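Subject: Handing over a structure, with notes

Dear colleague,

I am passing on the structure below, together with notes on how its parts fit together. Please read the notes with the structure open beside you.

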Amino acid sequence: MPKIKVSGFDKYGHFIFHFVFTMLWGYYAWLKQHSLTYKKLAAIVVVSIFYGILIEFLQETCTQTRQADPLDVLANFIGAMTAFLVLVFLNKRKKI
């Protein structure tokens with residue numbers, strides 16, 4: 001089978017992972033408290049972003065076959081922030 005190389009395809013994976021991670025955690029927090037504060041939601045986003053940075057740092061320092069990529073961190077950030085915006089919108093509508 002020929003391999004199809006899509007430039008930057010892994011960035012979609014980073015975006016989707018952090019979007020889903022943040023959405024699920026935010027939804028869980030909403031289920032427990034029946035509302036989300038901006039402070040709680042911001043803390044979830046910060047943890048998601050720092051988790052992505054930690055993984056990139058560990059790739060660079062603990063492996064010889066993987067390298068850190070600042071664009072991966074950017075994709076993580078965009079995914080988490082997109083989830084933040086969706087959760088804020090849903091929380092205002094109380095439709096979570």
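What follows covers the conventions, the helices, their packing, the core and a few single residues.

This is a predicted model, in which local features need pLDDT of at least 70 and side-chain atom pairs count only at pLDDT 80 or more, while totals for chains, interfaces and linings use all residues. Residues are numbered from 1 along each chain as its sequence is written, and side-chain values use heavy atoms, with hydrogens and water left out.

To begin with the helices (DSSP runs of H or I with at least four residues, numbered from the N terminus), α1 covers residues 9–33 and α2 covers residues 38–62, and α3 covers 70–93. Helix α1 has 25 residues and reaches 37 Å from its first C-alpha to its last, close to the 36 Å expected at 1.5 Å a residue, where the expected span is 1.5 Å times one less than the number of residues. Helix α2 has 25 residues and spans 35 Å between its first and last C-alpha, again close to the expected 36 Å. Just after α1 comes H34, whose phi is positive, near 60 degrees.

On packing, the axes of α1 and α2 come within 10 Å and cross at roughly 145 degrees, axes being lines fitted to C-alpha atoms, for helices over the stretch in contact, with angles that run from 0 to 180 degrees between N-to-C directions. This crossing is right-handed, a term used if the near helix is turned clockwise from the far one by less than a right angle. Among the α1 residues that meet α2 (contact means heavy atoms within 4.5 Å) are F17, F21 and W25, and the α2 side includes I44, V47 and Y51. By class, this contact of α1 with α2 has eight nonpolar, seven polar and two charged residues; Ala, Val, Leu, Ile, Met, Phe, Trp, Tyr, Cys and Pro count as nonpolar, Asp, Glu, Lys and Arg as charged, and the others, Gly among them, as polar.

Helices α1 and α3 pack at an angle of about 35 degrees, with their axes 7 Å apart, and their crossing is right-handed as well. The residues of this contact divide into twelve nonpolar, eight polar and three charged.

The buried residues of α1 (buried means under 20% relative accessible area, exposed over 50%, partly exposed in between, with a 1.4 Å probe and protein chains only) include K11, H14 and W30, and the buried residues of α1 pack against α2 and α3. Those of α2, among them L41, V45 and E56, pack against α1 and α3.

The largest nonpolar core (a set of buried Ala, Val, Leu, Ile, Met, Phe, Trp, Tyr and Cys residues joined through side-chain atoms within 4.5 Å) has 13 residues, of which L36, L41, V45, F84 and L87 touch the most other members. Helix α3 gives the most to this core, with five residues.

Three single residues may merit your attention. D72, in α3, counts as buried because its relative accessibility is 4%, and beyond its neighbours within four places in sequence it is in contact with D10, K11, H14 and E56. L87, also in α3, counts as buried at 1% relative accessibility. T63 lies in the loop between α2 and α3 and is partly exposed, with a relative accessible area of 32%.

With best wishes

Technical notes
Helices (H or I, at least four residues) and strands (E, at least two) are DSSP runs, numbered from the N terminus.
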